[in-house]
Amino acid sequence: MGHERRRGLRGLLPVALVVWGVGCGAGEGEPVSAGTEEKPATSMPVPPSSPGGAVPPVDILPPPGPPAVPEVPAATPPWAQRQGGPQDDTGTSVAVDAEGQVFWAWVSTPREDKDREPVEGQRRALTLARSTADGKTLWSREFPRNHVAELRVGAGAQGTAYLSGNAYLYAVDFGLGAADDGFLVHFSEKGQAQWQRRVGQKVHGLASDATGDALVSGEEWTAEAHVPLLSRYAADGGVRWTRRFESAGEGSAPGPVALTPSGSAVFAGTFSGVLEVDGRTFGTPGARSLVVLLFNAGGGLVWGQALAGVDGHLSDVEVMRDGSVVVTGEALGAMSWGEAKLPAAGPFVLAASAQGAPRWLHRPACDGPAEPPSVAVEPSGTVVAACGSRLSLYGADGAPRGERTLQPENCTEGACTVTSTAVAPTGSGQLLVTGSQRHGVATDGWNQDAFLRLVVP
């Protein structure tokens, strides 16, 4: 976007130009061609075996052991990459593996709004790229596409990566044939697609860990209903287990997922009516409720929490090293979590203990209109909620630790806005933030670039 026509990732930025504050970014690196490599330049515990009303786990493979806790690496000088073209470009997801390698996904979409005219050369595409911890691009793969939504990336084992999303109207070809509906693709350390799976009509959440497992949430459409599902895959594409939530009412929206250090699976979403899982019920009749569930490594329910009657959207979930769960979302009205209350609608970030007990609840800073809030948990336990251009920091105990603002970079048009879409910890007390920057928003011909930044909160 901007006035850039090159499709490559931008090079390293000088440290002084990426720290918090107003200013412009640095110059670009050499473009990276698609398909090529760039040379270096109320908690309710239940027995896991409880049969309940949900369909029991199927196709069970041996569960993995918990990943080893990596040593905390030294801090890396801040850097940034930017991808732009004549169309709108948006960074959608970022992940970091145990070795500090960075995986970034973004989408390119032609201008199709009522205020701006199409421009020559605009295109549709999705791109997956891998960089070193200090921002050097190792490879970038671009895939032509027509319509893809909810594109997410996850870091697997030994430099591999996962990509999930929804291909609607037209399929996407990652090199293994047509990927339709909700897809999950596993890529090698060189960026070649190894296998792909259809995971439902739509996929809504992706998480992966150093064992190589991937956890996805989605929904399958039947003649009678839209059925939420949760599936766990091994690195070779085998299904460890699948849960189908047949009791969920129409209008339910399965959401984000996460894997805990011990191998348990967190699943969050908005559910209509009363959801029954392994003999336990969550929610309230005739209303929508926000629900967080924890399953053990074999797919059995451990605990669940519901904000009964609280309508809204759960957008992201992460796990602390002690197993505590942190969730972000947007509520359509007042909400309570334990003793904490938010009196009005808006974004929120909350934490539950490893046993599911409510811990704390806050309203993060946010400037709108913006993407739903996202969250990252640093190794130290600091929680960072990102919403719009604002970052809100909290201690593991929920104590506020201040706010930060992402400033525009290379804003030559004089009117720019920054919106984050995802944030991920690096393991060294730093953060990777991705999203979009709009240039010239005071005009009818504004442009939008995708960005990825390494920042120090």
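# Exercises on charged side chains

In this predicted model, the side chain of Glu246 makes a polar contact with the side chain of Arg244, at 3.1 Å.

**Exercise 1.** Determine where Glu246 is placed and to what degree Glu246 is accessible.

*Solution.* Begin with the secondary structure: Glu246 is situated in the loop that joins β14 (239-244) to β15 (249-259). Next, consider accessibility. The relative accessibility of Glu246 is 46%, so Glu246 counts as partly exposed. Finally, a spatial relation can be added: 8.7 Å separates the C-alpha atoms of Glu246 and His226, which are 20 residues apart along the chain.

**Exercise 2.** Establish which residue pairs with Arg243 in a salt bridge, and which parts of the chain are tied together.

*Solution.* The partner is Asp278, with an N to O distance of 2.7 Å. Arg243 belongs to strand β14, whereas Asp278 is in the loop between β16 (265-277) and β17 (280-295), so the pair ties together parts 35 residues apart in sequence. For burial, the cut-off is under 20% relative accessible area. Arg243, at 1%, counts as buried, and Asp278, at 4%, likewise counts as buried.

**Exercise 3.** Carry out the corresponding analysis for Arg453 and Glu409.

*Solution.* The two side chains meet in a salt bridge, at 3.5 Å from N to O. This pair links distant parts of the chain, 44 residues apart: Arg453 is in strand β31 (residues 447-455), and Glu409 is in the loop between β28 (400-405) and β29 (416-425). Arg453 has 3% relative accessibility and therefore counts as buried; Glu409, at 9%, also counts as buried.

**Exercise 4.** Asp316 is buried yet has no salt bridge; identify the nearest side chain of opposite charge and describe the surroundings of Asp316.

*Solution.* First, locate the residue: Asp316 lies in strand β19 (residues 312-319). The nearest side chain of opposite charge is Arg152, 7.1 Å away. A salt bridge requires the nitrogen to be within 4 Å of the carboxyl oxygen. Arg152 does form a salt bridge with Glu150, the closest N and O atoms being 3.4 Å apart. Arg152 counts as partly exposed at 23% relative accessibility, as does Glu150 at 32%. The side chain of Asp316, for its part, reaches the backbone nitrogen of Val375 at 2.8 Å. Beyond its neighbours within four places in sequence, Asp316 has contacts that include Pro256, Thr328 and Pro373.

Terms used:
Residues numbered from 1 in each chain as written. Predicted model: local features only at pLDDT ≥ 70, side-chain atom pairs only at ≥ 80, totals over all residues. Heavy atoms only, no water. Helix = DSSP H or I, 4+ residues; strand = E, 2+ residues; numbered from the N terminus. Buried < 20%, exposed > 50% of the residue type's maximum accessible area, 1.4 Å probe, protein only. Lys, Arg positive; Asp, Glu negative; His and termini not counted. Polar contact = N/O pair within 3.5 Å; in protein donor to acceptor, adjacent residues only side chain to side chain. Contact = heavy atoms within 4.5 Å.
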